[in-house]
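Subject: The structure I promised, with notes

Hi there,

Here is the structure we talked about, ready for you to open beside this email. Have a look at it first, and then read on for what turned up.

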Amino acid sequence: MRSSFIVKDVLKEISKTLHPLIPRAAREAQLLVMAFLDVDELWLMSHKNEVIKDTKELFDWVKRRANNEPLEYITNRVSFYSKEFYIDKGALIPRPETELLIEEVMKKVKDKEDNLTFVEVGVGSGIISILLALEFKNAKFIAVDISQNALDIAKINIKKFSLEDRIELRLGSLLEPIDENVDYLVSNPPYIEDGLELESNLSYEPQNALFGGKVGDEIIKELLDEVLKRKINLFTCEMGYDQKDKISKYLKGKKYKALKFYKDYSDFDRGFTLKVEN
Ligand SMILES: C[S@@+](CC[C@H](N)C(=O)[O-])C[C@H]1O[C@@H](n2cnc3c(N)ncnc32)[C@H](O)[C@@H]1O
């Protein structure tokens, strides 16, 4: 097989291979080539006759994409909140709705200069703690995950944004590794019901990042118990679109100040903030 091609022929060849297995095959071809050559769209459009040598790895990527492996795992890059992060199979690919969790937290903290202690449970690739650390410049972050693979990926991203002094990573379950006083707990925990059949591309993602127990909301409830026991003032958490009633019921009769749910871009219930004290 030939190993050098010109850009426009590579794009054509990749689109042909991906169509109709993958929607928007022509666009996917562009994204694969841009990531492979580490160039932007402008370069790609103005270098259609440039020769690409050693295309073997690129065509290996195309095979993986044709098997429905997410583009982000193949290229090791993901765009989130207008920034680019490193990503690998050890961590969940950040979802656009998680941007809303970050905005929710930004709205709840009145004074951005405060010396708050944030804890994130389930840090994954690190996107939440990193974006909040960039916003709250005096806050300290402790980010926990049960998966060492996820922590390794978060570490790469934390270094990329030079936040090693502000975000500490800890291996463990829920709040077990935390003895400190916590001002604000944030989490996008696994919240899908165990065994639920999902689309095939999700089989590439770490299953302990997706499934939250027999019903799905078990981890959220454990976090709620910890928040109330430790009197953590604020807790913002992402949840499944059908978990609002169960969470409200679970908190009935318990001592807290306010519970407010927020919706995602499709107008589904997607998360909440619990305020425990004044
Ligand atoms: C839905 S992913 C969220 C990842 C990242 N924060 C994001 O929003 O893209 C959930 C994360 O929780 C971690 N996790 C699952 N069970 C956990 C537990 N009991 N304690 C701590 N982390 C846990 C998973 O390893 C995974 O990284």
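One term before the notes: two strands are said to pair if DSSP finds at least two bridges between them. Please also keep in mind that this is a predicted model.

**The sheet**

With that meaning of pairing, 7 strands form an open sheet, and their order is β7-β6-β5-β8-β11-β13-β12, with mixed pairing. At the edges sit β7 (167-171) and β12 (258-263), each of which pairs on one side only. On average, neighbouring strands of this sheet are turned by 15° against each other, if direction is ignored.

Strand β5 (residues 117-121) is a good place to start looking. It runs parallel to β6, and 5 bridges join the two. On the other pairing, β5 and β8 are also parallel and are joined by 4 bridges. Phe118 takes part in both: Phe141 stands opposite Phe118 in β6, and Tyr184 is the bridge partner of Phe118 in β8.

From β8 you can carry on to β11, since these two strands pair in the parallel sense over 4 bridges. Here Ser187 stands opposite Cys237 in β11.

Which residues of β8 point one way, and which the other? Tyr184 and Val186 go one way, Leu185 and Ser187 go the other way, and all of them are buried. That fits a general pattern: in a regular strand, side chains alternate between the two faces of the sheet.

**Helices on the sheet**

Helix α6 (residues 98-108) packs on the sheet and touches β8 (184-187), β11 (234-238), β12 and β13 (269-275). The direction of α6 makes about 165° with that of β11. Helix α8 (residues 148-160) lies across β6 and β7, and runs at about 170° to β7.

**Around the ligand**

How many residues surround the ligand? There are 25, and the closest are Gly122, Gly124, Ser147, Asn188 and Ala209. By class, this shell has 16 nonpolar, 8 polar and 1 charged residues. Both α7 (127-135) and β6 (140-145) supply at least two residues each to the shell.

**Two residues to compare**

Val123 is in the loop between β5 and α7. Is Val123 buried or exposed? It counts as buried, because 31 C-beta neighbours lie inside 10 Å and the cut-off for buried is 20 or more. Leaving out residues up to four places away in sequence, Val123 touches Ser129, Ala143, Val144, Asp145, Ala150, Ala154 and Leu169. Val123 and Ile153 are 30 residues apart in sequence, and their C-alpha atoms are 9.7 Å apart in space.

Asp194 belongs to the loop between β9 (192-193) and β10 (211-213). With 14 C-beta neighbours inside 10 Å, Asp194 counts as partly exposed. Beyond its neighbours within four places in sequence, Asp194 is in contact with Phe211, Gly213 and Lys214. Lys56 is 138 residues from Asp194 along the chain, and 39 Å separate the C-alpha atoms of the two.

**Backbone points to check**

Most residues other than glycine have a negative phi, and most peptide bonds are trans. Three places depart from that pattern, and you may like to look at each.

- A cis peptide bond joins His19 and Pro20, with omega about 0°. Pro20 lies in the loop between α1 (7-18) and α2 (25-37).
- Ser162 has a positive phi, near 50°. Its place is in the loop between α8 and β7, and Ser162 is exposed, as 8 other C-beta atoms lie within 10 Å.
- Asp267 has a positive phi too, near 70°. Asp267 is in the loop between β12 and β13, and counts as exposed, with 8 C-beta neighbours inside 10 Å.

**The chain as a whole**

The protein chain is divided into domain 1 (5-67) and domain 2 (90-275). The centres of the two domains, taken over C-alpha atoms, are separated by 36 Å.

Happy to go through any of this with you on screen.

Best wishes

Technical notes. Residues numbered from 1 in each chain as written. Predicted model: local features only at pLDDT ≥ 70, side-chain atom pairs only at ≥ 80, totals over all residues. Domains from an automatic or database assignment. Near = placed C-beta within 6 Å. Nonpolar A, V, L, I, M, F, W, Y, C, P; charged D, E, K, R; others polar. Axes fitted to C-alpha atoms, helices over the stretch in contact; angles between N-to-C directions. Contact = placed C-beta atoms within 7 Å. Buried ≥ 20, exposed ≤ 12 C-beta atoms within 10 Å, placed from the backbone.
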